[in-house]
Amino acid sequence: MTIQTRVRVRHPTRGRIVEVSPEQAAILRQVRRVIASYKSSEPERRRLLKQGWKQKTSLWDELEMFDLEVAGAASWCEGSRKHPDPRKVIRNMNAFDVDGFKRRLRNYPALTPYVQELANLRQLVTQYLEQQI
Amino acid sequence: MILPPLPLADAVNLLRHWDASTFRTPAASVRYHHQRHGRDVSLWTYMARAAGFNLRRARRKPLPEGATRYEKRNGEFCIKRKGKIVSYGVNSWP
């Protein structure tokens, strides 16, 4: 018989305490950090959004897609339902170049921590999903 | 987060406007975007505003993977894919 450790952690979006595995708890805590860094970067986010509005594909749009991809994948790491194609999710998440984002965000220093938090979440989610393959 | 009771039919109706996108369920997507963009409004108010977003007079911008970003002058925006909401929020301009 194996005894699995359970950890109590506040869910970042449900606003209540949930009991999950240590790996899931780490992901939930990281999602909370991503949301917090997103909120704290608001003035620079608005500046970047305004600057990129007239461009066909702006840096902000790419960041938004990166966020959606990683946060969406993270939502598959809770509960018992497994992702139907974890390989595809890992491939899609890793298609985004974090170092490239950081280089292009030189003039927006408050957005760099946000990108880093997303990269950390991607790493945790990748590790979790790789166990399902 | 304690929410006032909402008839189940209304909740389902509001949720029907949302696309799960990369998320496990549409509800997971709504909760995540509400945390990011919802500011001080309740989840139901956020969903009602998103569902009531008027595309008229909104500037359109195509995004990757068939999504479109609609944005109004007051900074209110909505990202839609195949007619369903992917994200909604308000960015007040500097």
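## Cores, rings and a pocket in a predicted model

A:Leu48 is in contact (heavy atoms within 4.5 Å) with A:Leu59, A:Trp60, A:Leu63, A:Leu105, A:Tyr108 and A:Leu111, leaving out residues up to four places away in sequence. This is a predicted model, in which local features need pLDDT of at least 70, side-chain atom pairs count only at pLDDT 80 or more, and totals for chains, interfaces and linings use all residues. Residues are numbered from 1 along each chain as its sequence is written, chains are lettered from A in the order in which they are written, and side-chain values use heavy atoms, without hydrogens and water.

**Nonpolar cores**

- The largest nonpolar core (buried Ala, Val, Leu, Ile, Met, Phe, Trp, Tyr and Cys residues joined through side-chain atoms within 4.5 Å; buried means under 20% relative accessible area with a 1.4 Å probe, protein chains only) has 43 residues, and A:Ile27, A:Leu48, A:Trp60, A:Leu105, A:Leu121 and A:Val125 touch the most other members.
- Helix 3 of chain A (helices are DSSP runs of H or I, at least four residues; strands are runs of E, at least two) gives this core its largest share, 10 residues.
- Another core, of 13 residues, lies apart from it and includes B:Leu14, B:Leu43, B:Ala50 and B:Cys78.

**A:Ala71**

- A:Ala71 sits in helix 3 of chain A and is buried, with a relative accessible area of 6%.
- Beyond its neighbours within four places in sequence, A:Ala71 is in contact with B:Phe23 and B:Tyr32.

**Aromatic rings**

- Over all chains there are 9 aromatic pairs (Phe, Tyr or Trp rings, the six-membered one for Trp, with centres within 6.5 Å; planes under 30 degrees apart are stacked, over 60 edge-to-face, the rest tilted).
- B:Phe53 and B:Tyr88 are edge-to-face, because their ring centres are 6.1 Å apart and their planes stand at 75°.
- B:Phe53 lies in the loop between helix 3 (43-51) and strand 1 (59-62) of chain B and B:Tyr88 in strand 4 (residues 84-90), so the pair ties together parts 35 residues apart in sequence.
- Ring pairs join B:Phe53 and B:Tyr88 with B:Trp18 and B:Tyr46 in a cluster.
- The charged end of B:Lys72 sits over the ring of B:Phe53 (NZ of Lys or CZ of Arg within 6 Å of the ring centre and within 35 degrees of the ring normal), 4.8 Å from its centre.
- B:Arg69 lies over the face of B:Phe77, 4.4 Å from the ring centre.

Key: Buried < 20%, exposed > 50% of the residue type's maximum accessible area, 1.4 Å probe, protein only.
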